[in-house]
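Dear colleague,

I am writing to hand over the structure shown below. A summary of the findings follows it.

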Amino acid sequence: MLQVSLLNKSFRKFHVLKDININAEPGQIYGLVGSNGCGKTTLLKHIIQVYRQDSGEIHYNNNLITEKSEEIKDFYYVQDDLYFPQNSTLKSLYDFEKLLYTDMSLEKFDKLVKYFKIDTNKRLNTMSKGQKRQAAFVLAMSANPKVLLLDEIVDGLDAVIRRKFWNVLIKEVIENNITVIISSHALKELDNICDKVGIMHEGAIIKEEEMESLKENLKRVQFAIEGEYEDIIDESFTMLKFIKVGSVYFATLRGDVEAFRKSLENRYKLLIFDELAINLEEIFITELGGAGYGMEELDS
Amino acid sequence: MEWKNSIHKNTGRLVINGLKEKRSWFLVSFLILFITVIIIPIITGSRIQDGHIVVGMVEIFFLVFINSMIDFSYMHDGRKLAYSISKPITDLQKINVTIITNVVFTAVLVAVLFVTSMFIKTSYMDINEIFILTVPWLITGILTAAISGILTGNSIAASLATIINFTLPLSFLAIINYFFRIIEDIAIGFNSSILFNTFIENYYRIDILYFVKYIEDGFDFTYFIVLATVLVILYGLVYVLAKRRKHERAGELVVSDGYKSFISIIIASLVPIGFSSIFYNVGFSGRIVTFIILFALAYYLINAILEKSFRLSRLAIKLFAGFMIFFALFIIIADFATNQFEGRLPVASEISSVYIGSNTWIYAQETDEGEFDSRQIYSATEEFMKKADNVILYEDQKTIQAIIDVHREVIKNQDYYYNMSFVIAYYYNDGEVLYRYYNLLEKSDYDGQKDTFVKELMNTDDFKLKRMPFVYDDHYLTGLEKPTVSINYEGENSKFIPQNTTDELDIEIFRANLKKDFDQYLMESDKSLNFLIQSPNDYYFMEPYGRDKAIMTEPYVMEEAYYVELSFNEESMKSKNYFSLRVTKAFPETFEYIASLMD
């Protein structure tokens, strides 16, 4: 298991990571989501030991991770802003990385190159953004890492490639029991593949939970009543977000939905009441809204 | 264990991979060397000479510098850095691979040039000297580039830092020399050149550090010891700094706050030192004020550039204040420490010999075979001084005491009729040497006190004998043939005196008259300190400053004089074999004697 405990980092006077705690299990895809500039990339760079934390620790399978630890050799990081050495091709880069990664698989490399239809002799710097991402992903997969850190990896990929990409990733996680931490703003897609989510805001993890339990705890309902709705205070549920569209109310709440329905019935004549499916994007907005993010209103 | 970890298990293959990526650089480098070292000499019709090899070496320096900068540039770009460091290779392992790759690249280029140099016939210099000097420079240069790359967050800044760091020992020397100059200003009798020379010859062996010594003194095993020591120190710095580097600051000019502070102090100190030649005669307070103002200005600008802000950080202000306190303390302590030495005068009986004079560059015949050597007085031994051709070393106790008496007067006041400077060097019986340097300034209210002691000194037999051996040493001409004499009459009707007349000049009578004239002159002389401190030469004269300036008449009438030249055609003479003397009426006895020959 990959554990980050009480990790702190300041860039001069700016406290960029505040007491970060995350836990990602093997065979789990961990979605690291958050507001812009919240420190997702910085956190990933700490895990891969590009940056050194001011305090806190990172463990993998109960072993402390440092720049020199053996375990870090099984980590692979694909950065958001990709870099490839000048004049390198995918083939030359594979040969180079083979000197660094002990489990580099040519078989897997060839298979993935074929699957993504990448020209291995083409200079990487002449490729499109999407092609570069595929190339980087192929290399990452070929390295057979135990921990894979992907920063905004699907950004710039078309829908077809994205589908291929997720297929490969899910297969890899299932077959090799690897830990994947993926940072992305593509919440709808993460919704379908993530087992666990860490929501970051202003350098802190404000929520870390299994996707299933997260969805269980947060509910979204639509209802219509006679008259105007007024806040109901009840210990069994908490109203997190509430809007009215026409005569229908949409509410996001934590707690017992049935208790909320009963409260409505006790006070109003309930015309419509439906429980809606909640997705990661809604959870994200709700959680960040709770942290005061995006709650400002544009003056008319 | 940690050192073992600093080498990646695939280092060899990674280096080969790095060299493969340098294929284009190899081709370009070979092409440049081939054209400039081989082709151009052939086209121009001249054979390959030393100069071409030197040009080739300069090109290698340039190529290695560019390559090192490119290879360490991964530390200066967030993307490259994240790519490189995120791989299973530690910072130090990556740096080591880069260093080794560049060393191999350099070795190949140097080997090519060395092989080329074996085919040329050297004319002016030992071609190996080029390699003795430059090979360590290249290797240390690569390590310096690594250090600079670690300390900076920008490749241009890294290039500048490499140059600054490589020349840092020289910068220190410039700063130390400037501090010696301040000591010279505050301590009477102290000379920055003496302090500087003593410092670099005994404590700060910059010639060894930069391997220049091995060109001058020859190649020996210490060369390798020095090289190994320098490399270990530089690599130690790479090791420590790499572990402390804050990668998140890549992109800034300098990523290490400590280095930023250090470099801003060093550069800000060098700026006023650079300007010091313009403000050379500003005096002590002028020098201090100029230093502080220029230092503050340079410090502010350097910080503004490094921080990309016109506002000084608190740290920078604290550092500035700290340096100013250090500077003030240095002046106070230096003044206090030198006070006790300013008035130091030796006891004559402790002194083996003494030199007083304005000449500080000493020439001596080092061997009987006639090999000459020249040294600064500060690095010349007493033995060397004794052999010297252009200085007089007084050994007589009476003369030594007379010089100490003059010295005592000089310590009291540094004024005279005219500006002058001189050195006094006491060679103690126990081998110690005491150097003092004085600048006497022209003062209208000078009381003439020094001349009392100067006259006493100039009238000692020892002084006369050594300063004017031709006149006072009766054995000087023993065994020598009669010299060739030529005399020119100078005056209203200048003329050359014919040989048959000059042949009549009797050397002994001539000397006897000169002795009378000089005796008289030395007894009467005042304002003659200049005569005392001048180096002995083949031109004997009386007091250029010794008498009140002649009243210029209109129209100008040339002073009557006989210009006498004596040439002894004796190669075996240990001292002068040529003398000239302009005999004016200031030499009345001699003048009359020569005039009598004309009758």
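In the loop between which two strands of chain A is the place of A:Lys73? A:Lys73 lies in the loop that runs between strand 5 (63–64) and strand 6 (75–78) of chain A. Please note that this is a predicted model.

The surroundings of A:Lys73 may be described further. This residue counts as partly exposed, because 17 C-beta neighbours lie inside 10 Å, whereas a residue is buried if that number is 20 or more and exposed if it is 12 or fewer. Leaving aside residues up to four places away in sequence, A:Lys73 touches A:Thr102 and also B:Pro88. A:Pro145 is 72 residues from A:Lys73 in sequence, yet the two C-alpha atoms are 8.2 Å apart in space.

In chain B, I would draw your attention to helix 3, which covers residues 23–43. Its 21 residues, at 1.5 Å a residue, should span 30 Å, and the end C-alpha atoms are 28 Å apart, so the two values agree. Helix 3 of chain B nevertheless has a kink of about 35 degrees, centred on B:Ile35. Which residues of this helix are buried? They are B:Ser29, B:Leu33 and B:Val37. These buried residues pack against helix 4 (50–72) and helix 6 (91–118) of chain B. Just after helix 3 of chain B comes B:Gly45, with a positive phi of about 85 degrees.

The last topic is a sheet in chain B. This sheet is open and has four strands in the order 1-5-6-4, with mixed pairing. Strand 1 (351–357) and strand 4 (415–416) of chain B stand at its edges; each has a single partner strand, and therefore one side of each is left without a neighbour in the sheet.

Strand 1 of chain B runs antiparallel to strand 5 of chain B, and six bridges join them. Within this pair, B:Ile356 stands opposite B:Ile424 of strand 5. Strand 5 (residues 420–428) is also joined to strand 6 (residues 433–442) of chain B, by eight bridges and again in antiparallel fashion. Here B:Tyr426 has B:Leu434, in strand 6, as its bridge partner. Strands 5 and 6 of chain B form a hairpin with four residues between them. In the turn of that hairpin, B:Gly431 has a positive phi of about 100 degrees.

With kind regards

Notes
Residues are numbered from 1 along each chain as its sequence is written. Chains are lettered from A and ligands numbered from 1 in the order in which they are written. This is a predicted model: local features need pLDDT of at least 70, side-chain atom pairs count only at pLDDT 80 or more; totals for chains, interfaces and linings use all residues. The expected span of a helix is 1.5 Å times one less than its number of residues. The bend at a residue is the angle between axes fitted to the seven residues ending there and the seven starting there. Two residues are in contact if their C-beta atoms, placed from the backbone, lie within 7 Å. Two strands pair if DSSP finds at least two bridges between them.
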